[in-house]
Amino acid sequence: MPENQISARFSACKRKLFDTYFSKLNDKQREAVYQVNGPLLILAGAGSGKTTVLVNRLAYLIRYGNAYHDPVVPANAAALLPEMEQALSLEHDALGEYLTRFAVDAPPAWTVMAITFTNKAAREIKERITSIFGEGSTEAAEIMTGTFHSICVRILRQYGSQIGFDRNFTICDTDDVKKQISLCMKQLNIDDKNLPVKTVMTAISHAKDKLIGPTEYAMQAGQDFKYKQIAAIYELYQSKLRSQNLLDFDDIIMQTVRLLTECEDVRANLQRRYRYVCVDEYQDTNYAQLTLTLLLSARYKNIMVVGDDDQSIYKFRGAVIENILNFDQNYDNTAVIKLEENYRSTKTILNAANEVIAHNSGRLGKTLWTGGAEGDKIQIRCLNNQNDEARFIAETVSQKVGRNEAVFKDFAVLYRMNSQSRSIEQTFAKAGIPYRILGGQRFFDRMEVKDIVAYLALINNPSDDLRLRRIINTPRRGIGDKSVQVAESLANAEGCPLLEFMRGVKRYNAISAATANAMVSFVYMIDQFREAAVTKSVTELIEMVIEETGYGKMLSELPDLNEREERRANLDELMNAARQYEEGNEDPSLLTFLEDIALVADVDKYDETADAVVFMTIHSSKGLEFPVVFLPGMEDNIFPSFQTIMNPEEIEEERRLAYVAITRAKRNLIVTHVRERMINGRTSSNPLSRFIGEIPDTLKDVTEDPQNAADLRQRMPRPPKAKPVNQFVEQTKKPMNTMANIAKKASDAAPADTFASGDRVKHMTFGEGTVLAAKPMGADILYEIAFDSAGTKKLMATYAKLKKI
DNA sequence: AGCTAAAATGTTTTT
DNA sequence: CATTTTAGCT
């Protein structure tokens, strides 16, 4: 055989072997997996198997390097051929093992960095890599994975001292930032009536997203009064963060970029180490993050970014959609691969999504398709008000579960804003349908949790005046706001942290002896905690803090029983979190525990296995999928939100959000809107969302709610507004916490009468009817009832409120 | 200092 | 409407 023929056969056979090994992927996906060198942009539509590609590509890279495209043919190629032909029939794992002989330039796992959008995604990558390489393999642990924030924190802890950061720095959340800024504004005598704190916050945050420091900001402000003020606040704010060894979310990225720009050796070090850089959800990166990826990948230019311009929904947070649109302008010879085959949704859902997003301009242009089934039409339902809407959703869920068409965890309720969850939540609680809420108030944002965490932060970093201020008088120690202010200005004058200043506070007469004593004993207490922190575990430390600060006692003295129990339960949950952290971490420390708390999002804790309906915002749902998706509140002014309605660019962002929402659904999409809705105590009526109008009628199944409950209510005069009798006052407790947010069971509610088939019953809205069947379901009973005038319905006993007649 | 009651105010989305 | 901030009182 001539040599060139052997080469050709060898290469073809090698590629055939790899294609066989990756036969579960489609052609485009495989192309992406094999493309490991040079800049690569993967445009991955919703549900196109993006994570699968990412994981397989990482695994391929680490195991085989550039084997598929390697042009080199071994000298013994001819001898290898028969054996290779045989290898085609090997089973999957054995084939994977066999293929390692073709590996070329396979990089060690620790030279690979994979940046994801959520910690959950990072964890998923690690898990799937582990399952490919086998239990006990080290590759997954060696790959540098995490969010931009978590990776940057790791870099800053290691090298931050070179730009003046102590490695014990703590991270401020949004709340802390707000407090700090309003403190700065007070110090500068800027009235927050004219310049709201929130405005300043977003201005500073966006400046940092664009890598604009205080000096440059002041220059850009020129003579503009408002911007000059913001510039002054920015400068003061930044110096305060610096002296307290604090970083806000945006600093984490900006300071890392600064580190890499200013310190040549660190930059060279990292550039040499990370030969391969992958970035997920690239459409949601901001300028600072773009710069960071450019810096990291500058040496080898082996950068892969995955994203979908149609799913760019974080502009308000500084995301720049142009980052993905113009990716190829940053690198020469960028390869672009589009993944357009959808493995998630039915044809109907996908077509609806395509139609909606087609109304946007400035897209890279992609059309998703699927070989899957046509599926049901999209249900559009108009209800009278948000209570009916909630009831409709609850009813639909229990019907489908009752008919064994689905289990609770198959359902997701996705909304535009967190406040929409309330009415649905209450209805679900009453109906005894298990549910979980993601987002809204984060667990770690609860007051009592933040208080205890503030103690921990102070123990970790004694120069954290912000946290000190928070807890100096919680529980009450007789140290009032005025004394703190005096102490703070004196401490500022001396240039020492507040805590250190308080140690010697008795030298000053400006603070009363009683207060000074209280301050000194507070300092001693913190000293003891700091000593204890060296030997004790985080869990033990938390326990100690709760006891010895008197915080536990303070909670136990709360007058309201519910509140007392809830807060106590939240602290128990905090201890649980600490315990879990310690169990799941190789070398747990207070420092990394605090970091975990600061950088963990609610979605990160979303647990697919618990059987409960899940509620979350559409933003949080990105990357997830559910068999049945409800989209309540699909009304103009809600979604699209009223503040975007005048601005075509922002409407496009809302439309992308609608696209994300629709593409979360695998089987069924159920859209609801209402005739009138209560917002801030005012009722308002909104037309059906324009985005639903953009879906062709052939894909929709529109039902106007025939049960006109509003008419019914009008005919029945409302009972006079009597003072509520205690036992009828509804317990509208907030969810216990987001970590273990399984709704209370129906058994909490008043026991309903039970009925048997054949009984005559009366329902509040449907009137009289005959029970056809009764099916026990968990703690509840599902009745099928033939109503005399309303037809046959399936209802849950606990919330149907049936009366025997 | 610390409590209570009245007034103000806010509604997008989040690492 | 619901929560947070502030003013006034003890």
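**Figure 1. The protein surface near DNA strand B, by residue class.** In this predicted model, the surface near DNA strand B is made up of 14 polar, 6 nonpolar and 5 charged residues. Altogether, 25 residues surround the strand. Look for Arg416, Arg476, Ser483, Gln643 and Asn680, which are the closest of them. Two helices to pick out here are H22 (481-494) and H29 (618-621), each of which supplies at least two residues of this surface.

**Figure 2. Polar atoms of the protein beside the backbone of DNA strand B.** Of the atoms of DNA strand B that come within 4 Å of the protein, 56% belong to sugar and phosphate. Three residues give us a closer look. Asparagine 418 places a backbone N or O atom 2.8 Å from a phosphate oxygen of the DNA strand. Glycine 480 also uses a backbone N or O atom, and here the distance to a phosphate oxygen of DNA strand B is 3.1 Å. With arginine 317 it is a polar side-chain atom that takes part, lying 3.4 Å from a sugar or linking oxygen of DNA strand B.

**Figure 3. An open sheet of 7 strands with parallel pairing.** Reading across the sheet, you will meet the strands in the order E11-E12-E10-E13-E14-E9-E17. The edges are held by E11 (435-437) and E17 (700-704); each has a single partner strand, so one side of each is left without a neighbour in the sheet. From one strand to the next, the twist averages 20°.

**Figure 4. Strand E11 and its partner, and a helix on the sheet.** E11 pairs with strand E12 (residues 613-617) in the parallel sense, over 3 bridges. To find one such link, start at arginine 436: its bridge partner in E12 is valine 614. Helix H18 (residues 386-402) packs on the sheet, where it touches E9 (378-383), E10 (411-415), E12, E13 (626-631) and E14 (665-674). The direction of H18 makes about 155° with that of E14.

**Figure 5. Helix H20 packed against helix H24.** The axes of H20 (residues 447-460) and H24 (residues 513-535) are 9 Å apart and meet at an angle of about 75°, which makes H20 roughly perpendicular to H24. On the H20 side, the contact is made by Tyr455, Leu458, Ile459 and Asn460. H24 answers with Phe522, Met525, Ile526, Phe529, Arg530 and Ala533. By class, the residues of this contact divide into 8 nonpolar, 1 polar and 1 charged.

Note on methods: Residues are numbered from 1 along each chain as its sequence is written. Chains are lettered from A and ligands numbered from 1 in the order in which they are written. This is a predicted model: local features need pLDDT of at least 70, side-chain atom pairs count only at pLDDT 80 or more; totals for chains, interfaces and linings use all residues. Side-chain values use heavy atoms; hydrogens and water are left out. Axes are lines fitted to C-alpha atoms, for helices over the stretch in contact, and angles run from 0 to 180 degrees between N-to-C directions. Helices (H or I, at least four residues) and strands (E, at least two) are DSSP runs, numbered from the N terminus. Angles under 35 degrees count as roughly parallel, over 145 as roughly antiparallel, 65 to 115 as roughly perpendicular and the rest as oblique. Contact means heavy atoms within 4.5 Å. Ala, Val, Leu, Ile, Met, Phe, Trp, Tyr, Cys and Pro count as nonpolar, Asp, Glu, Lys and Arg as charged, and the others, Gly among them, as polar. Two strands pair if DSSP finds at least two bridges between them. A residue is near a molecule or strand if one of its heavy atoms lies within 4 Å of it. A polar contact is a pair of N or O atoms within 3.5 Å; within protein, one must be able to donate a hydrogen and the other to accept it, and residues adjacent in sequence count only if both atoms are side-chain atoms.
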